[in-house]
Amino acid sequence: MAKKTKIVTKGRNSKLHAGCVNPPIYQTSTVLFPDLASYHSAENGVRFYKETENGNAADYSYGIYGTPTTFALQDVLCELEGGDACVITSSGLSAITTTLLALLKSGDHILMVDTVYGPTRRFCNKELKKYGIETTYYDPTIGADIKNLIQKNTKMIFLESPGSLTFEIQDVPAIVKIAKENDIITVLDNSWATPLYFNPLKLGVDVSIQAVTKYIGGHSDLLLGAIITKGEAVTKRLFKSAQNLGVAASPYDCSLALRGIRSMAARMEMHQKNTNVVINAIKDNPKISKILYPAYEGDDFHELWKSQFKGAASLFSVVLDRKYSDAELANMIDNMELFGIGASWGGYESLVLNFDPSSIRTATKWTETASCVRFYIGLEDTEDLISDIKKALDRL
Ligand SMILES: *Cc1c(COP(=O)(O)O)cnc(C)c1O
């Protein structure tokens, strides 16, 4: 079954829900059992594997372990990522922190990509450190040379491909090969590409993470995360720890995410098309010195992207022609009409932010001196978006 078909059909077992086309919102904490024997046999309802055709009432033992609404979302994401199991968490960041806490322990060492999502870096530096877990940041372009950074206690390599500010694509197969040779777990934040355009688990990665908040939700109206695992050992450890940590997700938000995902393939096609049109219209503008977008032919990571990905998201950055002051950048961006100023992305609406990679990285040096701006291209008309960006560049 093609992914576009899975997006529409999976996690949608009408037979379990009185024929309803969408899984209803099961808004519940307590689940009642017919007798003590079935309550005790449910083992607190820890559900390891995917929903079966028939479903099983005993799976739903208490709201924190998921409701039929949560399980429906788990099932469709699991199918799309090609995983064995999925845990839904209350945000993308909590999917990351749950994974790190579940799979690492005091005294362990983790290799973390230098271009990782900012709050992931903060969690390593502030929280993991408290538990005696040491983080080493590595160059996203490192490839097989990552073997030189492995220590005796290295238990995890964390990837994010591409990073969501400067869009370096990682050589995932090369890193996975080294990880497997050294018995190291690999985790990849797959939020940018979505499971539609990239399948890290198929390349041997053990855990794929989605900020469901982004393209899966698709409407900037929910916060959720997903951890999708492959392999029994990793799956069991993750589920046990998620249970111990009290990880839960709102059935209402799961229902919104299920509604969002049904149109994801259609939205992604339009996001991607709009992005190509916008980039082609602005790439030769004298105020822009470089486009950072792996799907763009002139990008340094274009070939690597083509070899691993089936498509691209609509988030990209530009390096301007020189360094601009805060006031100049504010004049450019504050006066944009269609591009909102705000964190996140993946919704229907366009966004813009400026950023400075050199202030964030520690393992690599950002050598561009000009200012950087990130654009998120929404579903508006491209002529309107291009006109807004051109006017903004003219204001510089
Ligand atoms: C937004 C984002 C997250 C976190 O998602 P939230 O739901 O906002 O916590 C994680 N990784 C990446 C790459 C993101 O862009």
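A pocket, as I use the word here, is an open set of grid points where a 1.4 Å probe fits, with protein on both sides within 12 Å along at least five of seven lines. I apply this to a predicted model, and I began my notes with the largest pocket, for which I recorded about 630 Å³ of space.

**Entry 1, the largest pocket.** I looked up the lining and found 36 residues, of which Y117, G118, P119, S164 and R374 are the closest to the centre of the pocket. Sorting the lining by class, I noted 17 nonpolar, twelve polar and seven charged residues. I then asked which elements each supply at least two residues of this lining, and I wrote down helices α4 (92-103) and α5 (118-126) together with strand β11 (351-355). Both domain 1 (3-261) and domain 2 (264-394) are represented in the lining, each with at least three residues.

**Entry 2, the two domains.** The domain assignment divides the protein into domain 1 (3-261) and domain 2 (264-394), and I noted 28 Å between their C-alpha centres. Where the domains meet, I found 40 residues of domain 1 in contact with 39 residues of domain 2.

**Entry 3, the largest nonpolar core.** I next turned to the largest nonpolar core, which has 117 residues, and listed L100, F158, W192, F316 and F375 as those with the most contacts inside it. Why does this core lie between the domains? It does so because domain 1 (3-261) and domain 2 (264-394) both give residues to it. I followed F316 further and, leaving aside neighbours within four places in sequence, found contacts with residues including F167, T275, Y293, R374 and F375. R374 had already appeared in my notes as one of the residues closest to the centre of the largest pocket.

**Entry 4, T99.** Is T99 buried or exposed? I count T99 as buried, because its relative accessibility is 0%, which is under the 20% cut-off. T99 sits in helix α4, and, residues up to four places away in sequence not counted, it touches M156, V187, V207, I209, I227 and L238.

**Entry 5, I25.** I closed with I25, which I located in the loop between α1 (3-9) and α2 (36-41). With a relative accessible area of 37%, I25 is partly exposed. I also checked I25 against P68, and noted a C-alpha to C-alpha distance of 8.1 Å in space for a separation of 43 residues in sequence. Beyond its neighbours within four places in sequence, I25 is in contact with T69, P251, Y252 and S255.

Notes. Residues are numbered from 1 along each chain as its sequence is written. This is a predicted model: local features need pLDDT of at least 70, side-chain atom pairs count only at pLDDT 80 or more; totals for chains, interfaces and linings use all residues. Side-chain values use heavy atoms; hydrogens and water are left out. Helices (H or I, at least four residues) and strands (E, at least two) are DSSP runs, numbered from the N terminus. Buried means under 20% relative accessible area, exposed over 50%, partly exposed in between (1.4 Å probe, protein chains only). Contact means heavy atoms within 4.5 Å. A nonpolar core is a set of buried Ala, Val, Leu, Ile, Met, Phe, Trp, Tyr and Cys residues joined through side-chain atoms within 4.5 Å. Domain bounds come from an automatic or database domain assignment. On a 1 Å grid over the protein atoms alone, a cavity is a set of points where a 1.4 Å probe fits but cannot get out, and a pocket is an open set with protein on both sides within 12 Å along at least five of seven lines; lining residues have an atom within 4 Å of a point. Grid points are joined across faces, edges and corners, and a volume is the space filled by probe spheres set on the points. Ala, Val, Leu, Ile, Met, Phe, Trp, Tyr, Cys and Pro count as nonpolar, Asp, Glu, Lys and Arg as charged, and the others, Gly among them, as polar.
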